[in-house]
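Take a look at the chain below. This report starts with one strand and then moves outward to other parts of the fold.

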Amino acid sequence: MTMKPFTIGDCTVIAIEEWIGPYVAPLKFMPDATAERIERQRTTLQPVHWDPKTDLLVFAFQSFVVRTPRHTVVIDTCVGNDKERPARPNWHRKSWPWMDNLRRAGIAPEAVDYVLCTHLHVDHVGWNTRLVDGRWVPTFPNARYVFARKEYEYWEKRNREEPLPQGPLLEDSVFPIVEAGRAVLVDTDHQIAPGLRLEPTPGHTPGHVCIHLESGGRHAIFVGDMMHHPIQVPEPLWSSGFCSDRVQSGLTRKSFLERHADTDAVVVPAHFAGETAGRVRSDGATFRFEFG
Ligand SMILES: [Zn+2]
């Protein structure tokens with residue numbers, strides 16, 4: 001099961017899948033979790049979000065396309081094809097049918113106006129570029145690629161100090177965009193167009209942003225990796241081992257859940273499998289995620 005397209009006012013939201021499957025053991029992914037409290041969620045999460053065969057949490061790797069009456073926007077660009085990722089064999093030199101999935105959804109790369117990356121991790125920038133005759137070129141030749149300046153500067157500096165553990169992602173998926181003159185560096189609360197704006201949500205990475213879409217009195221929020229898996233909704237302080245600041249990440253997530261619980265805001269996390277999108281509901285002293 002994958003996310004069905006839905007509308008927000010005048011806008012349509014479509015998921016473009018790269019890969020979905022059992023991905024990581026819960027305790028390996030969330031160092032602050034405990035086996036006993038993880039176990040409490042087994043029945044709620046199995047089988048769609050927690051695979052009973054492998055005992056791994058299920059993750060989706062997907063992009064979202066938002067079609068507004070004026071713009072076509074791609075949010076987050078997965079892992080990508082042909083990337084050199086020897087430290088991550090399951091992401092190394094792949095040939096996923098992501099572009100076919102995009103075209104099947106009726107989206108021509110030339111028609112995309114904006115590419116938005118919630119943050120510059122390896123699985124959110126991949127399809128920014130594709131390999132053509134040995135060179136990395138922008139996948140979306142007419143798009144403006146919007147990066148939060150704070151995020152860009154953080155990774156650019158770290159990359160100068162030492163090679164990034166996730167691989168040469170800036171060299172193959174970010175710098176070619178800058179060199180092609182297609183990158184726009186913005187503040188973390190930037191408004192892209194009426195009804196489409198960024199919100200700073202630091203913790204997972206320093207310049208991580210959520211993307212708010214508002215139209216016709218309705219509201220969707222693309223939250224990137226602010227939440228990785230539905231297991232974190234009742235346990236908001238369990239951050240991933242990939243977060244640059246696990247404490248800040250937990251506080252950002254908790255405050256987001258408090259603000260949006262029991263509202264009509266449709267929350268769209270990057271990696272939730274199944275129906276992906278849903279609403280936050282309060283549940284005693286904590287929260288639960290209501291899909292659909
Ligand atoms: Zn991430």
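## A strand with two faces

This is a predicted model. Begin with strand β8, residues 135-138. One face of β8 is covered and holds Trp136 and Pro138. The other face is uncovered and holds Arg135 and Val137. A general pattern fits here. In a regular strand, side chains alternate between the two faces of the sheet.

Which way does β8 pair with strand β7? The two pair in the antiparallel sense, over 4 bridges. Strand β7 covers residues 129-132. One bridge partnership links Thr129 to Pro138 in β8. So Pro138 has two roles in this picture: it sits on the covered face of β8, and it is the bridge partner of Thr129. The hairpin of β7 and β8 has 2 residues between the strands. Asp133 in this hairpin takes a positive phi near 50°.

## The whole chain

Now step back. The protein chain has 7 helices and 17 strands. Its radius of gyration is 18 Å, close to the 19 Å that the globule rule gives for 292 residues, so the chain is as compact as a globular protein of that length. Along its principal axes, the C-alpha trace spans about 50 × 45 × 35 Å.

Buried residues make up 44% of the 292 residues. Contacts also reach along the sequence. Take those between residues at least 6 apart: 67% of them join residues at least 24 apart.

## Helix α7: a buried side and an exposed side

Helix α7 runs over residues 246-260. Does its length agree with the expected span, and what is that span in Å? At 1.5 Å a residue, its 15 residues should span 21 Å, and the end C-alpha atoms are 21 Å apart, which agrees.

Ser249, Thr252, Arg253, Phe256 and Leu257 are buried in α7. They cover an arc of only 130° around the axis, which puts them on the same side of the helix. The general rule helps: an α-helix has 3.6 residues a turn, so residues three or four places apart point the same way. The cover over the buried residues of α7 includes β16 (278-283) and β17 (286-291).

The face turned away from the buried side carries exposed residues: Val247, Ser255, Glu258 and Arg259. After α7 comes Asp262, with a positive phi near 65°.

## Two buried residues in one loop

Go next to the loop between β5 (72-75) and α4 (98-104), where Asp76 lies. Cys78 lies in the loop between β5 and α4 too. Asp76 has a positive phi near 65°, though it is not glycine. Cys78 is also a residue other than glycine with a positive phi, near 55°.

Are these residues buried or exposed? Asp76 counts as buried because it has 27 C-beta neighbours inside 10 Å. Cys78 has 25 such neighbours inside 10 Å, so it counts as buried.

## A cis bond and an exposed helix residue

What kind of peptide bond joins Gln46 and Pro47? It is a cis bond, with omega about 0°. Pro47 is found in the loop between α3 (42-45) and β3 (50-51).

Glu39 belongs to helix α2, residues 35-39. Glu39 has 10 C-beta neighbours inside 10 Å, so it counts as exposed. Pro26 is 13 residues from Glu39 along the chain, and their C-alpha atoms are separated by 9.8 Å.

Notes. Residues numbered from 1 in each chain as written. Predicted model: local features only at pLDDT ≥ 70, side-chain atom pairs only at ≥ 80, totals over all residues. Buried ≥ 20, exposed ≤ 12 C-beta atoms within 10 Å, placed from the backbone. Pairing = 2+ DSSP bridges. Rg over C-alpha atoms; globule rule 2.2 N^0.38 Å. Contact = placed C-beta atoms within 7 Å. Expected span 1.5 Å × (residues − 1). Arc of directions from axis to C-beta.
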